[in-house]
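Trainee: I'd like to learn how to read a ligand site. Could you walk me through one?

Mentor: Happily! Let's look at it together.

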Amino acid sequence: MAASLTAMAVTPDDIEIELFLRALQLRHGYDFSQYAPASLKRRIVQLSHSQGMRTVTGLIERVLYEPGFMSVVLEGLSVPVSEMFRDPPVFRALRDHVLPVLASYSQINIWLAGCAHGQEVYSLAILLEEAGLYDRCQLYATDFNDAALWQAQEAIYPAREAQLWSRNYAAAGGAHSLADYYSARYELIKLDERLRRNVIFANHNLVTDDVFCEAHLVLCRNVLIYFGDALQDRALNLFRDSLRRGGFLCLGIRESIDFAPSARDFSAVDAKLRIYQLGNKS
Ligand SMILES: C[S@@+](CC[C@H](N)C(=O)[O-])C[C@H]1O[C@@H](n2cnc3c(N)ncnc32)[C@H](O)[C@@H]1O
């Protein structure tokens, strides 16, 4: 009796999604099992519809047998949306409160985890350039989506985005015109090569990979929101272990460290803007 009740509670959708996630893991090594279930389910169903499928099962066959389909899946499940100077007050706070502290170091390492198509990386590069710090910086921009990383390196974006980005830049306290940092052609803009000169783009998966640099600042914005609690905690531990004492962590404004055991290692620089500083490491 108990077994049949349990069986009835599991919908065919749930079964298909579980099998799909298992296929991703076994065939391609991507583990989504600790992502927040409701939004993950929504994106999987959306992906199957956008691929013209009635059910999720059709996706399973394609990830198993179709070379290259995994990049379509990653693009659908990982939400690589971004914008330059997204949440301008955060960039203003970095400019006013974090960069002056970083200025005391002769070499500054910055890790941007979940960098998507790179808009955030270049926003920070502009901020650092305007603060006269860029030449002392090494930026590591990582994501687990190779196609997104490739686009990030290209630094070519639709020109229609430029208006919003210019407004963001001004609201973030930008000293020039954003147009000083790109050239426009037809419907596209290309950011200046010089913004990329100290950036290393690399694949890094927050589910499975380890710490790889000693950072003075870690930005991981709008990524944890897709993770379940245990995975958020893993990522926060990675950031803590990567930061040197006194280093800064900047999360998305809808994300927080408060729930996590690692929160005790940080103090808030600006709690509302989710900027934290690593205190005494135990
Ligand atoms: C919404 S974008 C955030 C982009 C940027 N940080 C921002 O705030 O504008 C989320 C990014 O997280 C990346 N991501 C999701 N899961 C990841 C994981 N396990 N490891 C590394 N990156 C991941 C996605 O590929 C996507 O590019």
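Mentor: First, a bit of vocabulary: Ala, Val, Leu, Ile, Met, Phe, Trp, Tyr, Cys and Pro count as nonpolar, Asp, Glu, Lys and Arg as charged, and the others, Gly among them, as polar. Please also keep in mind that this is a predicted model.

Trainee: Then how many residues of the shell around the ligand are nonpolar, polar and charged?

Mentor: The shell divides into 11 nonpolar, seven polar and four charged residues. There are 22 residues around the ligand, and Tyr35, Ser82, Arg86, Asp143 and Asn222 come nearest.

Trainee: Which N or O atoms of the protein should I look at?

Mentor: A polar contact is a pair of N or O atoms within 3.5 Å. Here, a side-chain N or O atom of Asp143 is 2.6 Å from an oxygen atom of the ligand. For Asn205, a side-chain N or O atom lies 2.9 Å from a ligand nitrogen. Arg221 uses its backbone instead: an N or O atom there is 2.9 Å from a nitrogen atom of the ligand.

Trainee: How much of the ligand does the protein bury?

Mentor: The ligand taken alone exposes 600 Å², and the protein buries 100% of that.

Trainee: And where does the ligand sit?

Mentor: In the largest cavity, which has a volume of about 360 Å³. Its lining comprises 27 residues, with Ser78, Gly114, Asp143, Asn222 and Val223 nearest the centre. Helix H5 (69-78) and strand E2 (137-143) each supply at least two of the lining residues. By type, that lining has 14 nonpolar, seven polar and six charged residues.

Conventions:
Residues are numbered from 1 along each chain as its sequence is written. This is a predicted model: local features need pLDDT of at least 70, side-chain atom pairs count only at pLDDT 80 or more; totals for chains, interfaces and linings use all residues. Side-chain values use heavy atoms; hydrogens and water are left out. A residue is near a molecule or strand if one of its heavy atoms lies within 4 Å of it. A polar contact is a pair of N or O atoms within 3.5 Å; within protein, one must be able to donate a hydrogen and the other to accept it, and residues adjacent in sequence count only if both atoms are side-chain atoms. Accessible areas come from the Shrake-Rupley method with a 1.4 Å probe; for residues, only the protein chains shown count as cover. On a 1 Å grid over the protein atoms alone, a cavity is a set of points where a 1.4 Å probe fits but cannot get out, and a pocket is an open set with protein on both sides within 12 Å along at least five of seven lines; lining residues have an atom within 4 Å of a point. A molecule sits in a cavity or pocket if more than half of its atoms lie within 2 Å of its grid points. Grid points are joined across faces, edges and corners, and a volume is the space filled by probe spheres set on the points. Helices (H or I, at least four residues) and strands (E, at least two) are DSSP runs, numbered from the N terminus.
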